[in-house]
Amino acid sequence: MVESKKFPLISDNLSIDIVNTEIVRRGERQDLLVEEEDLLNWLDDMKVNLFLNKEDYEKIQSQIRSILSRLLEMRAILRNNFELIADGQPIQEKFITLLEKKIENAPFIYKLVNNKLIPKPVGKIEDVLESYIAYDALSLIHHNKLSYLKHCSNPECVLLFIDETGRRKWCSMKICGNRNKVAQFQSRKKS
């Protein structure tokens, strides 16, 4: 997992991590991708999953407003579908079709980087970013990982994660797990 000061990068999956840029703090839903700078910071944190070069970043900066808008639209679609899947609903065919269309806008070529075959979408930069995210979501579907998609056990938390062990309850022990332990301790202390 990638450590981030601002973003809860708890899944190692680009499509889930963009959904998790909406959080709840002190009972209120907050969007971590509001400003253009927020998107640049998120992309910088996600550089492990994105293979963007200096020219790509320059293109992103020149079109940042429209890119942010498109990624927020995509995040909303992903959140809606991922939450349904986490609630036990089947994956909708129209969701898969939408993801495939995103990839069609920026299809992949492959590069060898550090002896590892890396997919790299080609096309307009806004399509490239959506293609990376769509590819990640389709990979989760292909590998049946979304059958392990869960909501955090904290009813106030909106973060999603993959739990292949069947034992994980919290989005993160640092976030909700620790809060729960503290609340239980306080409750026992009062008793």
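Select E36, L39 and L40 in helix α2 together with I64, R65, I67, L68 and L71 in helix α4, and you will have on screen the residues through which these two helices of the predicted model meet. By class, this contact of α2 with α4 divides into 6 nonpolar residues, no polar ones and 2 charged ones. If you draw the helix axes, those of α2 and α4 come within 10 Å and cross at roughly 70°, which makes α2 roughly perpendicular to α4.

**Along α2**

Keep α2, residues 36-45, selected and colour D38, L39, L40, W42, L43 and D45, which are buried. An α-helix has 3.6 residues a turn, so residues three or four places apart point the same way. What covers the buried residues of α2 includes α1 (14-19), α3 (54-62), α4 and α6, and these elements can be shown next.

Now centre the view on W42, whose place is in helix α2. W42 counts as buried because its relative accessibility is 1%, under the 20% limit. Leaving aside residues up to four places away in sequence, W42 touches F7, L9, L14, D17, I18, T21 and L33. A distance label drawn from W42 to L32 should read 8.9 Å between the C-alpha atoms, for two residues that are 10 residues apart along the chain.

**From α4 to α6**

Hide α2 and show helix α4 (residues 64-86) beside helix α6 (residues 125-142), whose axes come within 10 Å and cross at roughly 15°. That angle makes α4 roughly parallel to α6, and α4 passes α6 in a right-handed crossing. On the α4 side, select I67, R70, L71, M74, L78 and F82; on the α6 side, select I125, E126, D127, L129, E130, I133, A134 and A137, since together these make the contact. Coloured by class, the contact of α4 with α6 shows 10 nonpolar residues, no polar residues and 4 charged residues. I67 and L71 are worth keeping highlighted, as they belong to the contact with α6 and are also among the α4 residues that meet α2.

**The loop after α2**

Move next to F51, which lies in the loop between α2 and α3. With a relative accessible area of 32%, F51 is partly exposed. Its contacts, not counting residues up to four places away in sequence, are with D56, I118, K120 and Y132. Add P121 to the view and join the two C-alpha atoms: F51 and P121 are 70 residues apart in sequence, and the separation in space is 9.4 Å.

**Two positive phi angles**

On a Ramachandran plot, look for D12, which has a positive phi of about 60° although it is not a glycine. D12 is found in the segment before α1 and is partly exposed, with a relative accessible area of 42%. The other stop is N115, likewise not a glycine and likewise with a positive phi of about 60°. N115 lies in the loop between β3 (108-113) and β4 (116-121), and at 76% relative accessibility N115 counts as exposed.

**The cysteines**

Select C157 and C176 and display the sulfur atoms. The sulfur of C157 is 3.8 Å from the closest cysteine sulfur, which is in C176, and this is too far for a bond, because a disulfide requires the two sulfur atoms to be within 2.5 Å. C176 is in no disulfide either, and its nearest cysteine sulfur, that of C152, is 3.7 Å away. The count by this rule comes to 0 disulfides. As for accessibility, C157 counts as buried at 15%, and C176 is buried with a relative accessible area of 3%.

**Zooming out**

Finish with the whole protein chain as a cartoon, which has 7 helices and 6 strands. Followed along the sequence, the chain gives the pattern α-β-β-α-α-α-α-β-β-α-β-β-α. If you colour by accessibility, 44% of the 191 residues count as buried. In a contact map, among contacts with a separation of 6 or more, residues 24 or more positions apart account for 57%.

Note on methods:
Residues are numbered from 1 along each chain as its sequence is written. This is a predicted model: local features need pLDDT of at least 70, side-chain atom pairs count only at pLDDT 80 or more; totals for chains, interfaces and linings use all residues. Side-chain values use heavy atoms; hydrogens and water are left out. Buried means under 20% relative accessible area, exposed over 50%, partly exposed in between (1.4 Å probe, protein chains only). Axes are lines fitted to C-alpha atoms, for helices over the stretch in contact, and angles run from 0 to 180 degrees between N-to-C directions. Helices (H or I, at least four residues) and strands (E, at least two) are DSSP runs, numbered from the N terminus. Angles under 35 degrees count as roughly parallel, over 145 as roughly antiparallel, 65 to 115 as roughly perpendicular and the rest as oblique. A crossing is left-handed if the near helix is turned anticlockwise from the far one by less than a right angle, and right-handed if clockwise. Contact means heavy atoms within 4.5 Å. Ala, Val, Leu, Ile, Met, Phe, Trp, Tyr, Cys and Pro count as nonpolar, Asp, Glu, Lys and Arg as charged, and the others, Gly among them, as polar.
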